[in-house]
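Work through the exercises below with the sequence and the model side by side. Try each task before reading its solution.

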Amino acid sequence: MVEKKSPKKNLTPSTNEFQGTDINAIQNSFVNHLEYSCAKDEYSATRFDLYNSIALVARDRLIERWIETQQAYYDVDAKRVYYLSLEFLVGRTLGNSLINLDLYDTSADALKELGYDLEELREVEWDAGLGNGGLGRLAACFMDSMASLELPAYGYGIRYEYGIFHQKIIDGYQVEAPDNWLRYGNPWEFPRAEYLYPVQFYGRVHQYKDPDGGIRFEWVDTDNIMAMAYDTPIPGYRNNTVNNMRLWSAKATREFNLQYFNDGNYEKAINERTYSETISKVLYPKDESFQGKELRLKQEYFFVSATLQDIIRRFKKSHQDFTLLPQKVAIQLNDTHPSIAIPELMRILMDIEGIGWDQAWDITTATMAYTNHTILPEALEKWPVRLIETVLPRHIMIIYEINRRFLETIKKLYPGDTNRLHRMSIIAEGAEKQVRMAHLAIVGSHSLNGVAALHTEILKANLFRDFYEIWPEKFNNKTNGITQRRWLKLCNPGLSSLISAKIGESWTTDLYDLKKIIPFAEDPAFQEQWQSVKRRNKELLADYIREHNGIEINIDSIFDCQIKRLHEYKRQLLNVLHVITLYNRIKKHHGGDIVPRTVIFAGKAAPGYFISKLIIKLINAVGDVVNNDPEVGDMLKVVFIANYSVSLAEKIIPAADLSEQISTAGNEASGTGNMKFALNGALTIGTLDGANVEIMEEVGKDNIFIFGLTADEVADRKFSGYNPQTVFNGNQELQQCINMISNGHFSQGDSSLFKPITDSLLHHGDQYMLFEDYDAYVTCQEEVSRTYRDRKKWARMSILNSANMGKFSTDRTISEYAEDIWNAKPVHVKIPEKKPS
């Protein structure tokens with residue numbers, strides 16, 4: 001229960017006002033929902049009841065716009081964009097919805113008069129467990145921008161009952177617990193039992209002849225699972241557009257087998273249903289085992305099959321001629337996960353709609369577009385042929401035929417070049433044949449885009465060079481972005497208000513307008529205000545760290561932040577080596593002339609990724625030593641904040657002074673955390689990798705800290721025979737760091753605990769070249785410290801970083817997708833005026 005309030009206004013239910021936007025209307029709506037939706041009053045209501053009530057207030061004001069938006073798309077027969085993604089990392093919905101409805105301040109004032117705090121109620125909301133990292137967060141930003149740009153767009157994915165996992169840190173180790181984000185329900189979703197589609201698995205393919213003597217195929221004797229739709233409204237910013245995110249939940253074809261039940265086999269009756277619904281239980285099940293791979297493949301096909309059935313249902317409401325499909329439908333595949341959509345659309349067109357191969361292929365390729373998100377060959381999805389043969393027998397037939405026809409084309413273009421055929425084949429030969437899903441996506445789409453300029457050039461020159469040589473017109477770049485509505489206006493209200501007070505609010509829809517604050521970068525008064533906002537944000541984060549980590553940190557220290565998924569190529573380990581270096585220097589010089597630092601880590605490691613999980617343990621072990629050394633005091637602190645999420649990022653990013661973007665050059669496709677930090681005035685220390693290159697071009701070389709090898713230099717070093725032992729032998733500080741880890745200095749004398757980490761660097765090739773970049777990184781960090789001492793210079797650089805982030809709005813990115821790939825046009829939604837009763 002919440003403590004009883006003493007509101008300035010009595011909580012008295014009144015007539016529902018679903019669309020009112022003034023304080024009185026918000027209050028009436030809130031009170032009505034508290035009583036009639038939650039069955040509570042101010043005496044019995046819990047914080048969750050209060051959150052639900054204000055969430056429903058916001059939701060009410062979306063409904064009419066949502067309905068009118070969908071009708072408007074039918075009225076003009078709009079071309080629709082369908083964004084297929086295995087992840088949508090939307091975070092919390094209440095704040096973003098109120099911002100886009102332009103009701104945030106009004107709602108805060110309305111609740112305050114009733115004795116409640118909107119910020120406190122926002123903290124009640126669980127982050128939606130629908131994603132893991134940048135892929136899902138990008139998809140969420142894209143949905144925001146598509147609605148804000150009034151584009152007819154839909155997001156499709158899976159309604160995971162449990163998210164990736166809830167991360168706990170116990171004795172320094174990551175421990176995974178279920179992320180039961182739906183435990184208390186989700187006021188933003190609408191179950192749509194009327195949109196229930198069968199999804200087939202297993203079975204066999206029956207070949208027969210149609211009345212005209214043509215060979216036809218039918219997929220029969222299948223095990224079916226039902227996909228049920230759950231819809232979430234996605235509002236645009238200060239417009240009437242409310243688009244739809246439709247997520248699929250797996251349901252058994254029947255609740256249980258009544259025969260089993262009547263025969264007394266109750267357990268089998270229930271287990272059969274539970275097994276069916278496993279598909280939408282967990283995001284990214286471990287796929288080291290065959291069973292894990294099977295479940296992952298079934299997840300991907302499950303949401304693709306239901307989505308395509310839904311797309312075609314909607315298309316056929318207005319059209320019967322499938323040659324019009326590419327003119328009315330654009331399907332964007334967010335990475336390779338949905339690429340099974342290509343053979344699935346072919347199957348539907350041929351086996352169900354009776355269209356011949358050539359025409360079906362033309363329709364499919366003109367409809368599909370593929371976004372690549374990785375440069376790591378090992379991260380490109382491959383499925384064992386035998387697995388697809390078992391689970392999706394008709395699809396493997398179609399994939400083989402696609403490959404046969406494709407390779408015939410390559411043979412004509414490059415006669416006798418068998419090596420090229422092996423490299424380009426959709427089917428990878430070997431001890432176990434595999435389907436290369438990225439190759440399938442390229443062959444079956446009319447567009448392939450990278451997500452940063454460097455990334456796209458690497459795709460053209462290296463990873464997909466063979467494909468670029470035959471289809472240069474397919475390749476294009478769409479540098480990623482972020483939505484400024486969430487990643488500045490919502491998460492950093494102090495800075496947002498300061499900027500708007502100087503230049504107005506046009507930047508919320510045109511981020512390039514932030515350039516208007518450039519003239520204030522040299523203004524001492526504005527610099528002081530800017531730094532005051534940053535300090536307040538640092539105080540808030542320090543409070544959070546004190547409460548959750550029990551660590552007292554120095555507000556005046558550099559808040560040095562690396563928050564992202566744990567992976568060796570992202571090089572959290574390089575950051576740790578710098579921390580140990582700073583620790584040793586403090587000890588050697590008894591503090592000396594050191595600029596205080598608080599090094600903040602956050603991020604999850606995949607449950608099966610042993611080395612990354614061990615790096616988390618090392619971070620915490622180093623922190624235990626550093627944070628408890630009285631000689632170090634508050635000159636250096638190390639903090640690992642558990643259970644990284646969108647809402648946690650919204651706390652950390654506004655408080656950051658320094659943004660660590662230190663991946664090995666040539667490995668990060670883009671990154672979007674780098675953009676969020678810079679937009680909020682953090683300075684970047686980074687390599688020339690991913691979007692760092694373009695950030696440097698925008699903010700200027702003098703306003704960013706760049707170090708290390710370039711992507712070409714990394715490739716050259718590896719080609720010429722990189723020897724980490726030679727680098728190690730030539731750097732005393734590096735030797736001291738590694739020896740301290742090896743000798744158990746951070747593991748209570750246990751020299752074996754971190755041996756896998758040191759072995760990966762010294763004896764297994766240092767794949768991500770930490771040793772090679774170590775000296776340059778430490779030297780660059782020294783420049784960071786010198787610059788931080790000059791508070792005016794730091795403030796000017798910080799202001800110029802924010803001012804030059806215009807390019808990195810997803811509004812710009814989505815506009816380019818719409819024009820260059822989708823050929824989709826905005827549809828302006830009008831709300832009919834209500835006649836007085």
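The exercises cover confidence, cysteines, strands and cores.

This is a predicted model, in which local features need pLDDT of at least 70 and side-chain atom pairs count only at pLDDT 80 or more, while totals for chains, interfaces and linings use all residues. Residues are numbered from 1 along each chain as its sequence is written, and side-chain values use heavy atoms, with hydrogens and water left out.

**Exercise 1. State the average pLDDT of the chain and find stretches below 50.**

Step 1. pLDDT is the predictor's confidence in each residue, from 0 to 100. The chain average is 94, and 95% of the residues score at least 70.

Step 2. Residues 1-8 fall below 50; beyond near neighbours in sequence, they have 16 contacts in the model (contact: heavy atoms within 4.5 Å). Residues 11-16 also stay under 50, with 13 contacts beyond four places in sequence.

Step 3. Where pLDDT is low, the predicted coordinates should not be read in detail.

**Exercise 2. Determine how many disulfides the structure holds, and examine Cys-141 and Cys-737.**

Step 1. A disulfide is a pair of cysteine sulfur atoms within 2.5 Å. The structure holds zero.

Step 2. For Cys-141, the nearest cysteine sulfur belongs to Cys-491, 11 Å away. For Cys-737, the closest is in Cys-780, at 17 Å, which is too far for a bond.

Step 3. Buried means under 20% relative accessible area, exposed over 50%, and partly exposed in between (1.4 Å probe, protein chains only). Cys-141 is buried at 1%, and Cys-737 is buried at 0%.

**Exercise 3. Give the strand order of the open sheet that contains β12, and identify its edges.**

Step 1. Strands (E, at least two residues) and helices (H or I, at least four) are DSSP runs numbered from the N terminus; two strands pair if DSSP finds at least two bridges between them.

Step 2. The order is β12-β14-β13, with antiparallel pairing.

Step 3. β12 (382-384) and β13 (427-428) each have a single partner strand, so one side of each lacks a neighbour in the sheet.

Step 4. Three bridges join β12 to β14 (residues 434-436); Pro-384 has Gln-434 as its bridge partner.

**Exercise 4. Describe the largest nonpolar core and the contacts of Trp-822.**

Step 1. A nonpolar core is a set of buried Ala, Val, Leu, Ile, Met, Phe, Trp, Tyr and Cys residues joined through side-chain atoms within 4.5 Å.

Step 2. The largest has 117 residues; Met-146, Phe-201, Phe-302 and Trp-822 have the most contacts inside it. Helix α9 (residues 290-316) gives the most to this core, with 10 residues.

Step 3. Beyond four places in sequence, Trp-822 contacts residues including Lys-79, Met-146 and Tyr-817.
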